[in-house]
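Please look over the following chain and its fold. A short report on its helices and on selected residues comes after it.

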Amino acid sequence: MAYRTQQIKPLINPWVGLGAAALVAALILGTLSVVASYAPEAGQLGASDWAAIRFTVSQALLSAALSVLFAIPVAKALSRRQFLGRSLLITLLGAPFLLPVIVAVMGLLAVFGRSGWVSQLLEVFGLPAIPIYGFHGVVIAHVFFNLPLATRIVLQGWSSIPGERFRLAAQLGFSAREIARYLEYPMLKRTVPGAFAIVFAICLSSFAVSLTLGGGPRATTVELAIYQAFRFDFDLGKAAMLASVQLIMAGSAALFALWASQGQAGFGKGLDRVVLRWDGKTRIAQLGDFIAILCAALFLLVPMGAVGIRGITALPDLPLSVWSSSWLSLKIAFTSATLAFVLSISIALAAVRFAWVESVGLLAIAASPLVIGTGLFIMIFPIASPQDWGTVVTACVNAVMALPFALRVLIPAVQDVFESYGKLSQSLGLSQSSMLRLIVLPRIRAPLGFAIGLAAALSMGDLGVIALFASTEDATLPLQIFRLMGAYRMDDAAGAALLLALLSFALFWVCDIWGRKNA
């Protein structure tokens, strides 16, 4: 750290990054303060509000528990099995993170809905269909989105066990049960709490899932109650009060996730040797691993395939409103990605000298997009029509929400560049612009392309802030799909969902390819 502070100081100007971090902090903290100051006007929480809080916490707890519980056997199977397509399957585990929520909901309805494939199969055996709307549907959707994340986290935990530990266990004649007791259980004890806390925090702030599969007095989350207070009652005070409650819940969950992710002491470093696991050679272990991988793959890939099968026939006949909504979503995604590019680069450069600047990303994690949107709506409403600012606000909030992921990718890469080339660049007398153009940007191009592609894809599929600001005429593609579903135009909704998925993955792919090309 002393080297970076003394040697790199003349090469970078941190004030631009500090200014960008200050703008982000002002946007988040400013809107939160507006919400907090406006909330007392609504009075006390009612019975329906407490019901929404209980539903939010209960579905988040169950969703997180199921996601982590199912992730453990899947991660264990992937850690000790080598098969054709293993790397591709692990890569596909990240697909639900990029998949727009509304598209995943369409896929889940095609599989688990009343007329879905699973319901038809259950009907053959005389069994009742799975209730997809309400509590069950919200939990199923959250497990769909967060099972891959939990699997990746737990799989990293298995990878953290050095191969030398397994070699030593083999020399000592450990059985599979003893390996689980002395190696795997301590790892899970260190990894699972953090994974559970992260998934729990995500499930608390999942607005689009509750909007499409929830609803009704018994299946209303706090964020859905905020939306209803806006769109149906236009009760800004109640919306602000509920937003304050959501802030406290999400902030507490984020802090707990950060604390739980710190973990305990690990196993230490090894020599990166690949060790063939012998503890899974029994027929029962092989069958169990095969079933775990197959079930996870089917659960994650079949809904995405269902969207493609149903949407491909409706794609050529989509109404004009869907194409205009696609263009609006592309403009918002481009604007959001550009803002994320400027903010993330500036803050990452400042973080070389001031490590605490990355904490701005934690603010974005703790604050729900809907809560920020609530504060901006309250600020804009007295002076202008919020609908006129919907596109700008949506793009800005989406950029801020993508900032934590971009910073986590960029900051280590930027620090490595300065540590490797800082002294040489200083000895050559490079200016700041030359340093950025010739040294920094070419060497962080790959993670930069990934981060910008991620920001564009997340913005493309967002169904949060735009739900508060959108007018009846204008709508982004996710909001248009939601309206088509509400009008029971399911074929058009399926075609639009396929179009949204293709556009989201295309944006990410183009940015990622740009980053890796000649990096």
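The report below covers the overall make-up of the chain, one bent helix, two helix crossings, and several single residues.

## Overall make-up

This is a predicted model. The chain has 519 residues, of which 52% count as buried. Its secondary structure consists of 23 helices and zero strands.

Contacts across the sequence are weighted towards distant partners. Among contacts between residues at least 6 apart in sequence, 84% join residues at least 24 apart.

## Helix 8

Helix 8 runs over residues 135-159, which makes 25 residues. At 1.5 Å a residue these should span 36 Å, and the end C-alpha atoms are 35 Å apart, so the expected and modelled lengths agree.

The helix also carries a kink of about 40 degrees at Asn-146. The proline Pro-148 follows shortly after that position. Most of helix 8 is covered, with 19 of its 25 residues buried.

## Helix 3 and helix 14

Helix 3 (residues 47-80) and helix 14 (residues 283-314) have axes that come within 9 Å of each other. The two axes cross at roughly 115 degrees, and the crossing is left-handed.

On the helix 3 side, the residues at this meeting are Pro-73, Val-74, Ala-77, Leu-78 and Arg-80. Helix 14 contributes Ala-285, Asp-289, Ala-292, Ile-293 and Ala-296.

## Helix 17 and helix 18

A second crossing involves helix 17 (residues 369-380) and helix 18 (residues 390-427), whose axes come within 11 Å and cross at roughly 145 degrees. Here the crossing is right-handed.

Pro-369, Ile-372, Leu-376 and Ile-380 are the helix 17 residues that take part. They meet Val-393, Val-397 and Met-401 of helix 18.

## Thr-391 and Ser-336

Thr-391 also belongs to helix 18. Its relative accessibility is 37%, so Thr-391 counts as partly exposed, a class that lies between 20% and 50%. Leaving aside neighbours within four places in sequence, Thr-391 is in contact with Leu-328 and Ile-332. Ser-329 is 62 residues away from Thr-391 in sequence, and the two C-alpha atoms are 9.1 Å apart in space.

Is Ser-336 buried or exposed? Ser-336 lies in helix 15 (residues 320-351) and is buried, because its relative accessible area is 0%, which is under the 20% cut-off. Beyond its neighbours within four places in sequence, Ser-336 touches Ala-395, Asn-398, Ala-399, Ala-455 and Ser-459.

## Ala-22

Ala-22 is placed in helix 2 (residues 14-38). With a relative accessible area of 45%, Ala-22 is partly exposed.

Val-360 stands 338 residues away from Ala-22 in sequence. In space, the C-alpha atoms of Ala-22 and Val-360 are 8.6 Å apart.

## Cysteines

How many disulfides does the structure hold? The number is zero.

Two cysteines illustrate different settings by accessibility class. Cys-295 has a relative accessible area of 46% and is therefore partly exposed. Cys-511, at 19% relative accessibility, counts as buried, because the value is under 20%.

Definitions and conventions:
Residues are numbered from 1 along each chain as its sequence is written. This is a predicted model: local features need pLDDT of at least 70, side-chain atom pairs count only at pLDDT 80 or more; totals for chains, interfaces and linings use all residues. Side-chain values use heavy atoms; hydrogens and water are left out. Helices (H or I, at least four residues) and strands (E, at least two) are DSSP runs, numbered from the N terminus. The expected span of a helix is 1.5 Å times one less than its number of residues. The bend at a residue is the angle between axes fitted to the seven residues ending there and the seven starting there. Buried means under 20% relative accessible area, exposed over 50%, partly exposed in between (1.4 Å probe, protein chains only). A disulfide is a pair of cysteine sulfur atoms within 2.5 Å. Axes are lines fitted to C-alpha atoms, for helices over the stretch in contact, and angles run from 0 to 180 degrees between N-to-C directions. A crossing is left-handed if the near helix is turned anticlockwise from the far one by less than a right angle, and right-handed if clockwise. Contact means heavy atoms within 4.5 Å.
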